[in-house]
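Dear colleague,

I am passing on the structure we spoke of, and I would be glad if you could look through it before reading my notes beneath it.

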Amino acid sequence: MAGIGFELRKTLSRRTFTAYVRAYMAALAYASGPWICTIFALGGIVALAKTFLEVVIVEQFTVTTVYVYAFSLLLSGPFQIVTTRYVSDRLFEKKEELIAPGVTTALALVGSLSVIIGAICSYLADLPSAIELSAVFLFCLVNCLWIVMSYISCLKNYRLVTVAFTLGMAIAWGAALALAKTVPYPLLGLIWGYTAGHLFIFILLVYVSFRELPGDWSISRDYLSYISRFPLLLIVGLLTNLAIWIDKFVIWGFHGTAVWGLFLFYPPYDIPAYLAYLTAIPSTAFFLIKVETNFAEHYEQFIKSLLVAPAAVVEQRKREMINGLRAGIVQLLTFQGVITLVFIMVAPKLLSRLWLGNCPPTLFRTLLVAAYCHFAFLHIIIFLMYFDKRRHLVALLFLFVILSGLGSYYVAKMGIVANFGLGYMGAAAVSAALAGAVLFIKVEEADGDILFMQPLLDARGEVIEFKECSDDTYG
């Protein structure tokens, strides 16, 4: 992500209003592509489809796509983060020719699992055959799209990402509404049109990747070894996305309305939750262009000095990195805090303008604070990933999921709609505060941790290997 940030900052160097708009719009499209594609395209389709379709058809489409996204993130999340690590390592080793086989392997694994899991879920939901096939295809496509997005940063072609998501969203919107009016079964038309937009994005990104990445697109044993080599990364990927959905699963279980079989939804909680996520999207662009990019510069200087510079220089670089990190997090929290505060103040009027007058303003305000804390948590754990603190990441994410699940269970059982977001908000606030404390403790220890991880070298500069052995004297 920081690589894209460096490219965007070249645009900002011109210091014109147009340059700032272009850079931040590109950052929004890249950093928040999944959220923008999901919420804006889906929201637009639903809003217009209600004007000429029965409400039940629109609800069936909404629930089907929401479950596709929810389970696609849970399935692809573990492979996304492993793929990111794999691509990162290959770039560091300057072995770009190994990236294409690794991505092919990830796509094959995720695609196969998508078909199997999608078919099982569709069967349990008792979907009609035509809807089942369409939903499974969309599920498989979205999973593969997340994998492609996990390595597309190596191309550093953020303009392509911007164009792909912009056109894809427009196609999804227009095709879904057009097909819903023309095909005999409007629900199929909505799903097919929505799928068409995502298919366009996927084909365009894969085509450019195939053209620009060296190497053959075959199955990679090297990538498969990463799955067993970094099992904690798989858990991190799963828990990161489960933390987004656990509160909704609990609320649906208590108060959800059944659309098909196991497919439940609860609009009084779901819609304000998605709106709250929208308010946090600007912070992702700010984080990408300013916070993480500044940190990456200090981090690189610190790493370069670690093995060659005097101790005083290393300590100075570490202090610069820590001070820059602290300042960046404060700026990020302030930036997003102002946005969240504004929406808290206008919550009743905003809900009224969006025809959500039946949503308690207290619930929406709670979810705004929860989204603020959740995004702060997500940004903080990105820094922990720089220092490869996998055990700490698993512990923090597991705590988030447990607290959010238990808190949501308690408030859902009480049955007061206005309090439904308290469990999620409390989990996000506690986890964000704890993650910040862990981050700064571990950053202080970064030089020692990294040095102790280096191999021992002999006088010729070759790595010393230690092997277990025994003899008759010592056993």
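What follows is a short account of what was found, going from the whole chain to one helix pair and then to one residue.

Please keep in mind that this is a predicted model. The protein chain has 475 residues, of which 50% count as buried, and its secondary structure comes to 17 helices and two strands. If one takes the contacts between residues at least 6 apart in sequence, 79% of them join residues at least 24 apart. The accessible surface of the chain is about 22200 Å², and carbon and sulfur atoms account for 67% of that area.

Turning to the helix pair, helix 5 (residues 99-125) and helix 9 (residues 221-229) have axes that come within 8 Å and cross at roughly 65 degrees, and the crossing is right-handed. On the side of helix 5 the residues that take part are Gly 102, Thr 105, Ala 106 and Leu 109, which meet Tyr 223, Leu 224 and Ile 227 of helix 9. Sorted by class, this contact holds five nonpolar and two polar residues, with no charged ones.

The single residue I would point you to is Ser 408, which lies in helix 15 (residues 390-414). Its relative accessible area is 0%, and because buried means under 20%, Ser 408 counts as buried. The side chain of Ser 408 reaches the backbone oxygen of Ser 404 at 2.7 Å. Apart from neighbours within four places in sequence, Ser 408 is in contact with Asp 247, Val 250, Ile 251, Gly 423 and Tyr 424.

With kind regards

Conventions: Residues numbered from 1 in each chain as written. Predicted model: local features only at pLDDT ≥ 70, side-chain atom pairs only at ≥ 80, totals over all residues. Heavy atoms only, no water. Helix = DSSP H or I, 4+ residues; strand = E, 2+ residues; numbered from the N terminus. Buried < 20%, exposed > 50% of the residue type's maximum accessible area, 1.4 Å probe, protein only. Contact = heavy atoms within 4.5 Å. Areas by Shrake-Rupley, 256 points an atom, 1.4 Å probe, with all protein chains shown as cover. Axes fitted to C-alpha atoms, helices over the stretch in contact; angles between N-to-C directions. Left-handed = near helix turned anticlockwise from the far one by under 90°. Nonpolar A, V, L, I, M, F, W, Y, C, P; charged D, E, K, R; others polar. Polar contact = N/O pair within 3.5 Å; in protein donor to acceptor, adjacent residues only side chain to side chain.
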